[in-house]
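Trainee: Please take me through this structure step by step, and explain each term when it comes up.

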Amino acid sequence: MKISRRDALKITGLSVVVAGMVPRMAFAARNALRSIRTGVQPGDKTRLVIETSTRPSYSLTYPEKQLVVDIANMSADSSVTPKLASGTLVSEISQVQSGDHLQIVAKLRKNIGQLQKSQIMLLEPNGDNDYRLVLDFTAASTSADKIASSVTSSGASSQKPAQNKNIIVIDPGHGGKDPGCIGRGGTKEKDIVLSVARRLKAGLDEAGFKTYMTRSGDKYLKLAERAEFAENRKGDLFISLHANANPSRSVKGFSIYTLSEKASDEEAKKLAESENAADKIGVDGFTEFERDIRAALSSLQQHAVAEMSEEYANGCARAFRSSKVEAQPGPSVRHAPFAVLRSTVPGALIELGHLSNASEEKLLKSPDHQNKLVAAIVRSIKNYNFDV
Ligand SMILES: [Zn+2]
């Protein structure tokens, strides 16, 4: 039986005694490298284990005779000496800092094929161990293997829709009497995000996800109703779509936000205030819902939701960057107390770009650019690890 991370969260919830006082939403902490080791597994498999203090947000790449594990939000640590077993494919391991990411570069004696999901395990902390990313691989002996593996992976992806029933809740921001921000050329945020949301729903449906939209028309919804909607639909991931405005018309680019009680910077704080202000248009029904949610969540679970959200947000930022979507200067993933993200569903608020910037306003209106954004988001959701 496959247990999704959401299921695990719910199972944990049953056995956790709820604290009466309001627990603080966990702040996404910086990840730390604990250890790196290799070993030999039956079937002549090489096992590479990377132990980290928090759940790693990672990606794998395969340069010639190398396996590179890129981990977000982590610094190199020279005190961590890799423990290399003999008889494995790994000859040497080094740490390379790349901005906010740490790349763990394993030099290999032979090339390996792209790792399948079954070769990757992410283990929860137990006993003396922290989080462990466990990678098992063998040498790709001939080019025929490469062809075989590419056939398998394309076969797997055509199968995927049947087995993939993770639930994605798409939340087009604003709507109805709340237009959101308005571009110089009159473009309204509520219209842009609804158009992108519809395309995103189509893309995710095609990829086999089960999708819901908090609004499918030009309708005003309170922030609490959106969060509650995600909760009631038992969402595995919540994506709130927005577009930004900045007093400085030259500012452009995307940025992605996850929930935390404390804003990561002044700009994130201001943004949360302006997005949260949407609720002041209606009657505030949030307090009661928020109390329920907080009561239902232990601080441990809040921490898990925060980490899963952070992992998704980092993956989404990577997908945007690799699609050459312009990023707002500064960190691509930030944190702030967004009301709409207050639920047990991991998720992120994506500011797709700036309507206050004339060239980006034009871009955001174009179907081609909207499709490009959607393709990147679909990819980031496909790459997100829904399973324990
Ligand atoms: Zn907005």
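Mentor: Before anything else, two strands pair if DSSP finds at least two bridges between them, and both helices (H or I, at least four residues) and strands (E, at least two) are DSSP runs numbered from the N terminus. Residues are numbered from 1 along each chain as its sequence is written. This is a predicted model, in which local features need pLDDT of at least 70 and side-chain atom pairs count only at pLDDT 80 or more, while totals for chains, interfaces and linings use all residues.

Trainee: What is the mean pLDDT of the chain?

Mentor: The term pLDDT stands for the predictor's confidence in each residue, from 0 to 100. In this chain 80% of the residues reach 70 or more, and the mean is 82.

Trainee: Over which residues, with 31 contacts beyond four places in sequence, does pLDDT stay under 50?

Mentor: A contact here means that the C-beta atoms of two residues, placed from the backbone, lie within 7 Å. Where pLDDT is low, the predicted coordinates should not be read in detail. With that caution, the stretch with 31 contacts beyond four places in sequence is residues 13-28.

Trainee: How many helices and strands are there in the chain, and what share of its residues is buried?

Mentor: The chain holds 9 helices and 14 strands. A residue is buried if 20 or more other C-beta atoms lie within 10 Å of its own, exposed if 12 or fewer, and partly exposed in between, with C-beta atoms placed from the backbone. Of the 388 residues in the chain, the buried share is 40%.

Trainee: Which strand stands opposite strand 3 at the other edge of the open sheet with the order 3-4-6-5?

Mentor: This open sheet of 4 strands has antiparallel pairing, and strand 3 (58-61) is joined to strand 4 in the antiparallel sense by 4 bridges, with Ser59 having Asp70 as its bridge partner in strand 4. The twist averages 20° from one strand to the next, where axes are lines fitted to C-alpha atoms, for helices over the stretch in contact, and angles run from 0 to 180 degrees between N-to-C directions. Each edge strand has a single partner strand, so one side of it is left without a neighbour in the sheet, and the edges are strand 3 and strand 5.

Trainee: Which residue of strand 8 stands opposite Met121?

Mentor: A second open sheet of 4 strands has the order 1-2-8-7, again with antiparallel pairing. Strand 1 (33-41) and strand 7 (120-123) stand at its edges with a single partner strand each, so one side of each is left without a neighbour in the sheet. Strand 7 pairs with strand 8 (residues 131-137) over 4 bridges, and the residue opposite Met121 is Val134.

Trainee: What handedness does the β-α-β unit of strand 9, helix 3 and strand 10 have?

Mentor: Strand 9 (residues 167-172) and strand 10 (residues 210-213) run parallel and are joined by 4 bridges, with Ile170 opposite Met213. A crossover is right-handed if, with the strands pointing away from the viewer, the path from the first strand over the helix to the second runs clockwise. The unit that strand 9 and strand 10 make with helix 3 (residues 189-206) is right-handed.

Trainee: How many residues of strand 11 are buried?

Mentor: Strand 11 (residues 237-244) runs parallel to strand 9, with 5 bridges between them, and also parallel to strand 14 (residues 347-354), with 6 bridges. Within it, Leu241 is the bridge partner of Pro172 and stands opposite Ile350 in strand 14. Both faces are covered, with buried residues including Leu237 on one side and Phe238 on the other. The number of buried residues in strand 11 is 8 of 8.

Trainee: Within what arc do the buried residues of helix 5 fall?

Mentor: The buried residues of helix 5 (residues 266-276) are Ala268, Leu271, Ala272 and Glu275. They line one face of the helix, because seen down the axis of helix 5 they fall within an arc, taken over the directions from the helix axis to the C-beta atoms, of 100°.

Trainee: Is Asn73, whose phi is near 60°, buried or exposed?

Mentor: Most residues other than glycine have a negative phi, and most peptide bonds are trans. Asn73 has a positive phi and lies in the loop between strand 4 (66-71) and strand 5 (90-98). Because Asn73 has 21 C-beta neighbours inside 10 Å, it counts as buried.
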